[in-house]
Amino acid sequence: MALEEEPSSALQAMRPALDCLRDCADLADVDAPCLEILAAAAIQFSLPAGSPLYQAGSAGEGVYLLVGGRLGVAVAGGGPWVAEIARGELVGETGWLLREPHGATVVALRDSELLLIPNSRLDAATATSTSLSLALARLAARRLLRSKRPDRTLERARVFVIVPNNEEIDVAELATRLVAELSRGGSTELVWDVRARTHTAAWFNRIEELNDYVVYVADPTESAWTRQCCRQADVILLAARARAGARPWPMSISGAAVARAARIELALLHDGSFEAGAATRWLAELPAASHHHLIDAADLGRMARLLTRRGVGLVLSGGGARGFAHLGIVRALREARIPIDFVGGASIGAIIAAGVAMGWSDEEMRHRYRRGFVDSNPVNDYTFPLVALTRGRKVSRLLQREYGDVLIEDLRHPFFCVSSNLTTGRAFEHRAGPVSQALRAAVAIPGVMPPVPWGDDLLVDGAVINNLPVDVMQRHAPGLVIGSDVGADRSHNAQRRMNIFQILMHSGMVNSAATAAAQRTLADVLLKPPLPNIDLLNWRAFDRAIEAGYRYARQALEELADIPRLVAEVAETPHSSSLAAELERRAAAMAAAD
């Protein structure tokens with residue numbers, strides 16, 4: 001009797017593995033007897049987040065099926081993840097097919113559950129059927145094709161962990177507001193330790209599968225719960241009060257981020273009014289990929305969009321006086337309620353981008369730039385041309401007057417500008433330090449203004465190398481990138497007389513012409529307003545350039561139905577009740593503790 005029951009018992013034992021293999025889409029065409037052979041020897045095991053499944057160059061043990069969790073794939077030599085493996089997918093098939101060491105490193109991005117199908121059992125299964133070999137070969141071919149078409153959505157974050165710096169932070173309010181903002185883009189779940197401390201990795205994975213976004217609230221101490229949260233995170237959001245004295249976070253946070261390539265970002269909570277210098281003070285404790293100043297609801301909405309790669313980045317090109325058209329384009333974007341979440345630029349575009357990042361209104365920007373460029377020509381402090389035609393002091397005074405001692409780190413809108421490094425021959429990105437100094441380097445037209453010393457380097461106008469730095473904006477990955485290109489048209493020939501300023505400015509932009517053409521193709525939306533008869537030095541065309549940019553952008557934006565736009569209120573979501581329930585659980589737990 002025992003002998004008759006044995007096959008049934010064996011089948012029952014391998015049932016969980018067999019069910020997983022049957023649910024795997026990559027094995028849909030593999031015949032049932034072959035799957036049973038694989039399931040009979042499948043080894044199930046757990047892999048903690050941050051742990052490597054295998055390293056590039058290591059010998060393959062077999063093919064793995066991800067039962068729960070998520071894996072990241074990095075090419076040999078490290079670097080960012082080039083692919084992710086989701087639940088129900090196979091990995092390691094190329095090593096078995098080619099009988100060669102692994103060509104990539106695979107790491108658990110979540111606490112994961114896997115099945116290992118050893119090489120010996122794969123060989124045995126293929127001896128009875130060709131369906132398995134064909135299925136794995138097709139999988140390898142599909143992945144090869146995908147690798148040749150990079151997916152810019154790979155880095156989209158879905159799981160966020162808020163780690164308060166201390167008990168004084170109202171983390172419940174921050175978490176509630178963040179969940180409300182994230183709910184604009186999909187179903188969102190809030191998870192606290194009260195609810196999750198007794199659950200397994202499978203429970204956490206299930207929560208992620210059922211939602212577009214998940215927000216975990218960690219402890220301000222290096223607790224087991226904080227470590228668990230950080231193992232789950234795509235983004236670790238460190239929350240601190242801007243006015244408080246800077247103090248470090250638990251070391252486990254940076255360790256979890258390094259192991260899993262999670263992003264660390266800083267949320268500075270300002271108590272009603274802005275605290276200058278807070279970012280520099282806090283970033284010295286734990287450098288973050290980026291930081292966010294939170295004063296009002298608009299700031300929190302911007303942070304949520306940037307965290308989820310649903311924001312809008314605006315890149316403004318150089319172009320001398322033609323750059324005033326950017327003011328009209330910014331006005332049109334604001335009127336259309338299109339958010340400007342991240343802004344950057346080159347040359348005159350950098351100056352106007354800085355005004356946007358300062359939070360200036362359309363009227364204030366128009367007033368300031370008219371005062372600086374029209375009422376007083378900024379490039380007429382001539383000198384004997386040993387280095388340049390002008391001293392550059394007039395521009396320096398103008399920038400200091402308008403931007404003062406404000407640091408790039410203190411701008412409420414994330415901002416960058418580019419200059420050209422004469423020492424290295426490469427573009428230089430400014431993301432820290434005084435705004436006025438960065439802009440002085442960004443507009444140092446070679447031959448017109450002296451270069452700017454920067455450490456051991458010399459910096460000049462960013463338009464020399466990259467007049468439309470869309471690629472720089474894409475590295476910050478805000479989401480959709482809008483490029484505004486007002487670069488000079490081919491309007492000069494041998495019959496037209498040009499002065500030395502015009503020659504130097506046009507010459508400085510010649511080298512970046514091919515780069516600008518490539519940058520235009522990178523933008524998700526390209527705005528290129530027609531600016532006839534507006535030359536690079538025609539400061540008096542101020543109003544005409546603004547109006548041309550505004551009229552062009554209004555019409556162009558009407559035709560862009562899919563572009564993100566701000567809405568007045570957060571729509572009700574199916575998970576709004578779960579948010580309320582989570583807060584009630586937290587309140588009850590705190591009351592019980594008291």
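The following exercises, each with a worked solution, concern the predicted model shown above.

Residues are numbered from 1 along each chain as its sequence is written, and side-chain values use heavy atoms, with hydrogens and water left out. Because the model is predicted, local features need pLDDT of at least 70 and side-chain atom pairs count only at pLDDT 80 or more, while totals for chains, interfaces and linings use all residues.

**Exercise 1. Salt bridges between separate parts of the chain**

Task: State how many salt bridges the structure holds, and locate the partners of Glu 89 and Arg 110.

Solution.

Step 1. A salt bridge is defined as a side-chain nitrogen of Lys or Arg within 4 Å of a carboxyl oxygen of Asp or Glu. The search of the whole structure yields 33 salt bridges.

Step 2. Glu 89 pairs with Arg 143, with an N to O distance of 3.6 Å. Glu 89 belongs to the loop between β5 (83-85) and β6 (90-91) and Arg 143 to helix α5 (residues 131-147), so the bridge ties together parts that are 54 residues apart in sequence. Helices (H or I, at least four residues) and strands (E, at least two) are DSSP runs, numbered from the N terminus.

Step 3. Relative accessible area is classed as buried under 20%, exposed over 50%, and partly exposed in between (1.4 Å probe, protein chains only). Glu 89, at 26%, is partly exposed, whereas Arg 143, at 18%, is buried.

Step 4. Arg 110 forms a salt bridge with Glu 208 at 2.9 Å, N to O. These residues are 98 apart: Arg 110 is in the loop between β7 (104-108) and β8 (112-118), and Glu 208 is in helix α8 (residues 201-210). Arg 110 is buried at 0% relative accessible area, and Glu 208 is buried at 5%.

Step 5. Arg 110 and Glu 208 also take part in a network of salt bridges that links them with Arg 70, Glu 84 and Asp 234.

**Exercise 2. Helix α13 and its surroundings**

Task: Describe the salt bridge between Glu 335 and Arg 331, and determine which residues of α13 are buried.

Solution.

Step 1. The side chains of Glu 335 and Arg 331 meet at 3.1 Å, N to O. Both residues lie in helix α13 (residues 325-335), four residues apart, about one turn of the helix. An α-helix has 3.6 residues a turn, so residues three or four places apart point the same way.

Step 2. Glu 335 is partly exposed at 44% relative accessibility, and Arg 331 is partly exposed at 28%.

Step 3. The helix is nonetheless mostly covered, with eight of its eleven residues buried. These are Ala 325, His 326, Leu 327, Gly 328, Ile 329, Val 330, Ala 332 and Leu 333.

Step 4. With contact taken as heavy atoms within 4.5 Å, the buried residues of α13 pack against β15 (311-316), α14 (348-358), α15 (362-374), β21 (479-484), β22 (525-527) and α21 (542-558).

**Exercise 3. Cysteines**

Task: How many disulfides does the structure hold, and how far is the sulfur of Cys 20 from the closest cysteine sulfur?

Solution.

Step 1. A disulfide requires a pair of cysteine sulfur atoms within 2.5 Å. The structure holds zero disulfides.

Step 2. For Cys 20, the closest cysteine sulfur is that of Cys 24, at 9.6 Å, which is too far for a bond. Cys 20 is partly exposed at 25% relative accessibility.

**Exercise 4. Backbone angles**

Task: Which signs of phi do Arg 99 and Ser 347 take, and where do these residues lie?

Solution.

Step 1. Most residues other than glycine have a negative phi.

Step 2. Arg 99 is not a glycine, yet has a positive phi of about 55 degrees. Arg 99 lies in the loop between α3 (93-98) and β7 and is exposed, at 55% relative accessibility.

Step 3. Ser 347 likewise has a positive phi of about 55 degrees. Ser 347 is placed in the loop between β16 (342-346) and α14 and is buried, with a relative accessible area of 9%.

Step 4. Arg 337, just after α13, takes a positive phi of about 60 degrees.
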